Amino acid sequence: MTGLRLPEADERVLARREEIVADLKAIVPGEGVIATERGMRPYESDALTAYRQLPLVVVLPSTTEQVAAILRYCHDNEIRVVPRGSGTSLSGGSLPLQDAVLLGMGKFNRILEVDYANRCAVVQPGVTNLGITRAVEQDGFYYAPDPSSQIACSIGGNVGENSGGVHCLKYGLTTNNVLGVELVLITGEIVRLGGKHLDAGGLDLLSVVIGSEGLLGVVTEVTVRLLKKPDTARALLVGFPTSEDAGDCVARIIGQGIIPAAIEMMDRDAIAAAEAFVNVGYPLDVEALLIVELDGPEAECAHLLGEVEAIARDCRAVTLRVSQSEEERLGFWAGRKAAFPAVGRLSPDYLCMDGTIPRKELPLVLSRMRELSQKYGLRVANVFHAGDGNLHPLILYDANKEGELDAAEAFGADILRLCVEVGGVLTGEHGVGIEKRDLMPEMFDEVDLAQQLRVKCAFDDKGLLNPGKVFPTLHRCAELGRMHVSGGVLPFPDLPRF
């Protein structure tokens, strides 16, 4: 696996495999346990397919009680657990471990309740984003977060990674659209955080869990916010002679106080690939393309369309189309939504990166990326959420050519270091997983990382949930709890001890 470091396998657990499989079959009878090599092969990786590892065993529970029993059993027997949703993670967040139970949540796929009076729905974690919208759209409602993989990605995975999508600029990420969760801890305890009610007092544990990448517990139920469909939605397709001009346009739109529903950007390679894939009329003679969507009351949309058009022309736009129908608006988005699979036509393999920068740094970062592309001799196609500075560079390589995967990984690491250098962060919505794990010290010092680990230890005292992800160095919780005593005197003796 290209030298990827994973936690050392526990030989005692490996030696007990047959016993563990039998015990799990007692908890989840029928076809809920997969233990053959052929049966487990589909679970050996997630969407970061450069890394693969067969799990110890796959277990597919169908009730919260079964999840609780599995986690309690693993806690009591010190067996590692890797939770998995739809397997669309692009950061290796659900990569199995040789000595770990892979806990698949695919059977949790029902919408339990739609509550229009409280503008929310209660769903199981295996329901897809698009599945929620389709269940409520006939009544004029929808679920706002819409990652490009919304047709396949699950709500549970969205909670784990705090996913966003093209409309997160105006409507927020998962954390802004989830009201509550049911969570099973590694001890088997079932807890509820949040719900239909307004925010409770005390610690905001719901926000801690959202984006925790399966390190704190397993989500078995999610209460999501439903929004009323806007009266009007119009989109502009704007082409520019340079990526810098497009980046400047984004900064000016936001600087004018205009908050579109979405601002997406694609560069020449991504435009050509998407147009060949869906044939929606993208201009092929521009270096960068913006899709700007405005929604709300019709009069407001018409006014803001004029404002954005004027800004775009000031930024040297060379083509500009405004959608004249809902069909045309959806056509604009069809290319953007298909950009990731479309780029697959340009190269046998690609790495989809994820970093976030201040919007004003877009021109600089795009220019630096071109320099890095020349340095590594690899092409990069850019498709990203320009409105909130969430970049998704697609680094093109051929895994069959010796050294190209290593070069692609080094190229990606330099892009992420650049994001941090200009005041950004390592991830916007894909999570850290294993992809960015060893880059965490670029953004956090030892004290920061130790504090984050202490939060994990409060939920998972034995470090059994999804180990080897997020944190570059594994520590036992007992090590983090040690306190240095010098000369028999505790540090800060005036502080109360609990």
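The legends below describe one overall view and several close-up views of a predicted model.

Residues are numbered from 1 along each chain as its sequence is written, and side-chain values use heavy atoms, with hydrogens and water left out. In this predicted model, local features need pLDDT of at least 70 and side-chain atom pairs count only at pLDDT 80 or more, whereas totals for chains, interfaces and linings use all residues.

**Figure 1. The whole chain, with 18 helices and 20 strands.** Helices (H or I, at least four residues) and strands (E, at least two) are DSSP runs, numbered from the N terminus. The radius of gyration is 24 Å, close to the 23 Å that the globule rule gives for 498 residues, so the chain is as compact as a globular protein of that length. This radius is taken over C-alpha atoms, and the globule rule is 2.2 Å times the number of residues to the power 0.38. Along the principal axes, the C-alpha atoms fill a box of roughly 65 × 60 × 55 Å. Of the 498 residues, 54% count as buried; buried means under 20% relative accessible area, exposed over 50%, and partly exposed in between (1.4 Å probe, protein chains only). Among contacts between residues at least 6 apart in sequence, 72% join residues at least 24 apart, where contact means heavy atoms within 4.5 Å.

**Figure 2. Helix H2 against helix H4.** H2 (residues 17-27) and H4 (residues 64-76) pack at an angle of about 155°, with their axes 10 Å apart. Axes are lines fitted to C-alpha atoms, for helices over the stretch in contact, and angles run from 0 to 180 degrees between N-to-C directions. H2 and H4 are therefore roughly antiparallel to each other; angles under 35 degrees count as roughly parallel, over 145 as roughly antiparallel, 65 to 115 as roughly perpendicular and the rest as oblique. The crossing of H2 and H4 is right-handed: the near helix is turned clockwise from the far one by less than a right angle, whereas an anticlockwise turn would make a crossing left-handed. Glu19, Ile20, Asp23, Leu24 and Ile27 in H2 meet Gln66, Ala69, Ile70 and Tyr73 in H4. By class, this contact of H2 with H4 has six nonpolar, one polar and two charged residues. Ala, Val, Leu, Ile, Met, Phe, Trp, Tyr, Cys and Pro count as nonpolar, Asp, Glu, Lys and Arg as charged, and the others, Gly among them, as polar. An α-helix has 3.6 residues a turn, so residues three or four places apart point the same way.

**Figure 3. Helix H9 against helix H14, with Ser243.** The axes of H9 and H14 come within 8 Å and cross at roughly 155°. H9 and H14 are therefore roughly antiparallel, and their crossing is right-handed. Ser243, Glu244, Gly247, Asp248 and Val250 in H9 meet Leu362, Pro363, Leu366, Ser367 and Arg370 in H14. The residues of this contact divide into four nonpolar, three polar and three charged. Ser243 lies in H9 (residues 243-255) and counts as buried, at 9% relative accessibility. Residues up to four places away in sequence aside, Ser243 touches Met265, Asp267, Glu287, Ala288, Leu366 and Arg370.

**Figure 4. Helix H14 against helix H15.** H14 (residues 362-376) and H15 (residues 404-421) pack at an angle of about 155°, with their axes 10 Å apart. H14 and H15 are therefore roughly antiparallel, and H14 passes H15 in a right-handed crossing. From H14, Val365, Arg368, Met369, Leu372, Ser373, Lys375 and Tyr376 meet Ala407, Ala410, Phe411, Asp414, Ile415, Leu418 and Glu421 in H15. Nine nonpolar, one polar and four charged residues make up the contact of H14 with H15.

**Figure 5. Pro260 in the loop between H9 and E13.** Pro260 is buried, with a relative accessible area of 1%. Residues up to four places away in sequence aside, Pro260 touches Leu169, Lys170, Ile253, Ile254, Val292, Glu293 and Leu294. Pro260 and Asp295 are 35 residues apart in sequence and 7.2 Å apart in space, C-alpha to C-alpha.

**Figure 6. The buried residues of helix H10.** In H10 (residues 268-278), Ala270, Ile271, Ala273, Ala274 and Glu275 are buried. Their cover includes strands E13 (262-267), E14 (288-296) and E18 (380-385), together with helices H12 (326-337) and H13 (339-343). Asn279, whose phi is positive, near 55°, follows H10.
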